Amino acid sequence: MPFLLVLSSPSGGGKTTIAKMLLQARDDLGYSVSATTRRIRPGEQDGRDYHFLSRNEFTRRQRAGEFLEWATYGGELYGTLRSEIDAVLASGRSAVLDIDVQGARQIRTTFPNSLHLFVLPPSAKVLVQRLRGRKTEAPEVLRERIARAADELAVVAEYDFAILNEELAVAVSQVAAILEAEARRVSRQETLPEFIDQLRSDVADAASRLARR
Ligand code: 5GP
């Protein structure tokens, strides 16, 4: 049964890269493209990485009830569109949401069965290096994001799993292993009751045939 996979981490923690690698490797997942008012970065594409909206357009859609959740991050608005989630789930795939901790809380309330993963950087040094290395943030924004990371790390206990992103390939395979396990969770197997009913009846038949011999 398709579900929502929420990935959170401090900025620079690696969740977006992990999400991209998972989506490339698996066809049972679809990306929920968020909407945001922040400026597009070099290399990003409108409609693929985000739906880049003006503040007016974002708030208009907010009022129209188009968001499942939304949050403010670094003075900009970010939100998950209902239409994105509906489209991914309707295609029979699970939806990957790359969202912050405030958004994750709102999703948990609306979708109690969602699976929440927190991606941890191995150290503060690596986190700062990664954020600096991508050269996408002005020094002030960078400082703000690092300060915010300390607060975000305080709520890891609200998540189902914590993944240490020391080595990208290892972290991706750990997320894949969690997905494999989750797909086998009894409550996520829609056709399981039907299969068990049939199996029980067949086993009972086999038992009575043996008893007649
Ligand atoms: P960035 O500007 O680096 O792309 O994202 C900043 C933060 O906003 C990240 O923690 C990212 O996960 C989060 N974010 C991205 N999209 C959404 C969204 O739709 N909702 C919420 N709540 N957070 C989002």
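In what order do the five strands of the open sheet stand, and is their pairing parallel or antiparallel? Before I answer, let me say that this is a predicted model, in which local features need pLDDT of at least 70, side-chain atom pairs count only at pLDDT 80 or more, and totals for chains, interfaces and linings use all residues. Residues are numbered from 1 along each chain as its sequence is written, and side-chain values use heavy atoms, with hydrogens and water left out.

The order is S2-S7-S1-S8-S9, and the pairing is parallel; strands here are DSSP runs of E with at least two residues, helices are runs of H or I with at least four, and both are numbered from the N terminus, while two strands pair if DSSP finds at least two bridges between them. S2 and S9 (161-164) stand at the edges with a single partner strand each, so one side of each has no neighbour in the sheet. S8 and S9 pair over four bridges, and the bridge partner of Phe118 in S9 is Ala162.

Turning to helix H1 (residues 15-25), its buried residues, meaning those under 20% relative accessible area with a 1.4 Å probe and protein chains only, are Lys15, Ile18, Ala19 and Leu22. They lie on the same side of H1, because they cover an arc of only 100 degrees around the axis, taken from the directions from the helix axis to the C-beta atoms. These buried residues pack, with contact meaning heavy atoms within 4.5 Å, against several elements, including strand S1 (4-8) and helix H7 (168-183).

Finally, Ile85 lies in helix H3 (residues 82-90) and is buried, with a relative accessible area of 1%.

Notes: Buried < 20%, exposed > 50% of the residue type's maximum accessible area, 1.4 Å probe, protein only.
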